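Let's take a walk through this one together. Keep the viewer open and follow along.

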Amino acid sequence: MALSLKIEYTPVVNLAIQQSGIPVIRDVILSLPEGEQAVSDLVVTFSFDPQFAEPLQMHVSSLEPGSSEKVSPTDVKMKVEYLSTLSERVEGRICVKVTSGEDVLAEDSQPISVLAFNEWPGAGVHPALTASFVTPNHPSVQGILRKASDILGQWTGNPSLDEYQSRDLNRVKNQMGAIYEAIRQVGISYVSVPASFEERGQRVRLCGEVLSMGMGCCLDLACLYSSCLEGAGLHPIIVLVKGHAFAGCHLVQETFADTVNDDVSILTKKASDGISEVMLVETTALVLGKSEPFDSAVSKARKYLLERGDEFICSIDIRRARLSHIRPLPLRTDGGIDTEAAIEGSSRTWEAPKDVSSLDLVDPNTPESVGKLNLWERKLLDLSLRNNLLNSRMTRDTIQVMSSGLSTIEDKLSAGKDFQICPMLQEYSIPQTDSKIFPTIKEADSLYGLVRSEVDSGRLHSYLDEDRTKAALKHLYRSSRLAMEESGANTLYLAIGMLRWYETSACSRPHYAPVLLYPVELVRRSAQSSYVLRGRDEDVSMNITLLEMLRQFFGIRIGGLDPLPRDSSGIDVSRVFSTIRQGIMDRKGWDIEEHAIIGIFSFSKFVMWNDIHNHSDVLRESPIVSSLIDGVVDERVLSGEEGKAVEDIRPGEIALPISADSSQLEAIQSAMQGRSFILHGPPGTGKSQTITNIIANALFRGKRVLFVAEKMAALEVVQRRLEEIGLSPFCLELHSNKAKKSAVLSQLQKVSDVSRAKSS
């Protein structure tokens, strides 16, 4: 008999797995190949060595050739007493045997590690089980909380550990700080973790053991601190990175969507200044030899995650784990630890933590007011990846500069300060990313202080050597001047902050889009002097192409950025970033990276968009445009100049290159008087002749005319009639394939020739 079986199971088992109801054996798959005889009355027997679980039998009525049967032994009863008393790891086996009557049709056995009761299996095997080692009901936790209550009373005058009842971020932070301080005063020594503990697992010292022995590793301390936070009614988080672990807590009464989160950007966004929904704590900062204040531990944890995000493994939301039935390990204690005695004679209490840095942000779901001008602007935007406002890369049109703080650069530009653009610092040697964007200079980098000093001194350094920096600046200088001369629109900006985003959740390659666009110009006093970056006397703008892309493609509406929030020195950059982070909070991998990039940022219809965006007041001066914007007919449209009756018009007062009857003449006169009207008429009644006369008469009176038609044929008919009466040199064709630079220049040459011929 060629019956085969495959065992799908968890390679380790311990008390935490049993308490959380996680099945050791998920499935056993029985397969019978084609050509074999059908079998019936199958008995599948499960046995375990050592006997950490009760033997089990399951029945399969029949199995046909070429078919498979899945057996799921969800009723395996593990022996709690055995698992709870096991003090050392034991290597064992899972045995599965399939019989039919007296015949053994198939059997197999697989190795399994039976772990000690306090042994953590590692992040590779059910990382959510980390929550089992957080034991908020341990008696020693109550002693810590009593001391924390006293400290909280000293700091705030209110000793109540009232978790989230006040809905005050600072109150929650003070409770976290008081618990941290109470543990710090115990005087715990640090013990190194085993190599690769996050993969192989380790023995965890539970709360009572850490406090009684006065020692613990990073995971022990994270579990102890989280146990105390949970005991106080807060929602703790444990963060696992390569070779390290630390803790954190929700500052608002919520949980993550999943127990285990492998996206580091979720934490960095929620912990960022201005949002402050999560606070991370470096729990090893409370041990003897370090014994740092709570704010210092918070700063270290956040910095660790920002600077070593590539080492992030996952975070475990303890409250969310409890909702998923991941229970704390049963207590094994003869009594609580005398925490008060342990604290007696300890060091002084640090001062209360500083207030949380939070901003009164606008709800990103707040309905936005969208007018006709906004709709026109949006229709002109290019939402394809060809647009560098959505997909910026380091090309000839961009140059990235080093920065130690984008707010500082924006403030200095707003104050009228200039920046000299210098080549790369000799000390820099960090590689580019896949998008050719260089990593941000972080506070822990050795160059941070130097870069900050250079920015304060009015110097911005690129990431290119001297020759490439000069070439890039020369290209930007010429391109921006050419754009200004040809279109009258500035296209040179300093991009402040870049949104890292992904097209789909399965996409692994990020795109980068600028967030704020600061209008700048490059100034060069002489051919030998260096280039200077100077802010233009124009408003800083939000990248509305980005906002529209987020709205159309991802359903993300971000409000509160029109107008942009301001501080005493200009744009409030931190508030802008926090508002966007709040809107993209649930997007995996998305975040704002604090890059500064000088570049040409425009698109095919940029000049049209720029006219609407920056000259709306001028557009409103036209009564017709004003009526279209407001949706109400402007009185100026209905009124016009008082004119003569048609029969009283003198020949010298009107130009009629084409003969017109009385009704056509009335239409021409209405146009002369600036009236708005609709000209009705069936085919063949002379509408195109009338339009030709209206245009010719307007030119005769020194006016400019824009003729627009739905169909190109109508444009061509009028254009041909104008050509027949000699007005072709004064017509600039904006449609068809002739609307390009060379054709426009040729047409302007014709007009110039006509003017010279007339004057001569």
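Is Arg-167 buried or exposed? Arg-167 is exposed, at 75% relative accessible area; here exposed means over 50%, buried under 20%, and partly exposed in between, using a 1.4 Å probe and protein chains only. Arg-167 sits in the loop between α3 and α4, where helices (H or I, at least four residues) and strands (E, at least two) are DSSP runs numbered from the N terminus. Its phi is near 55°, a positive value in a residue other than glycine.

Before going further, some ground rules. This is a predicted model, in which local features need pLDDT of at least 70 and side-chain atom pairs count only at pLDDT 80 or more, while totals for chains, interfaces and linings use all residues. Residues are numbered from 1 along each chain as its sequence is written, and side-chain values use heavy atoms, with hydrogens and water left out. As for pLDDT, the predictor's confidence in each residue from 0 to 100, the chain averages 86, and 91% of the residues score at least 70. Residues 334-346 stay under 50, and the model gives that stretch 20 contacts beyond four places in sequence, a contact being heavy atoms within 4.5 Å. Where pLDDT is low, the predicted coordinates should not be read in detail.

Back to the two helices flanking that loop. Helix α3 covers residues 139-156, and its 18 residues reach 26 Å from first C-alpha to last, close to the 26 Å expected at 1.5 Å a residue; the expected span is 1.5 Å times one less than the number of residues. Its buried residues include Val-141, Ile-144, Leu-145, Leu-152 and Trp-155. Just after α3, Gly-157 takes a positive phi of about 85°.

On the other side, Arg-171 lies in helix α4, residues 169-184. Unlike the exposed Arg-167, Arg-171 counts as buried, at 9% relative accessibility. The side chain of Arg-171 reaches the backbone oxygen of Asn-158 at 3.0 Å, and a polar contact of 3.2 Å joins it to the side chain of Asp-162. (A polar contact is a pair of N or O atoms within 3.5 Å; within protein, one must be able to donate a hydrogen and the other to accept it, and residues adjacent in sequence count only if both atoms are side-chain atoms.) Beyond four places in sequence, Arg-171 also touches residues including Leu-152 and Pro-159.

Now for the cores. The largest nonpolar core, a set of buried Ala, Val, Leu, Ile, Met, Phe, Trp, Tyr and Cys residues joined through side-chain atoms within 4.5 Å, has 78 residues, and Ile-598 is among those with the most contacts inside it. Ile-598 touches, among others, Ile-399, Leu-476 and Leu-533. A second, separate core of 64 residues includes Ile-7, Tyr-9, Ile-22 and Ile-94.

What about the cysteines? There are 0 disulfides in the structure, a disulfide being a pair of cysteine sulfur atoms within 2.5 Å. The sulfur of Cys-223 is too far for a bond because its closest cysteine sulfur, in Cys-207, is 7.9 Å away. The sulfur of Cys-228 also has Cys-207 as its closest partner, at 6.0 Å, again too far for a bond. Cys-223 is buried at 3%, and Cys-228 is buried at 0%.

Last stop, the backbone. The peptide bond from Asp-49 to Pro-50 is cis, with omega near 0°, and Pro-50 is in the loop between β4 and β5. Another cis bond joins Asp-562 and Pro-563, with omega about 5°.
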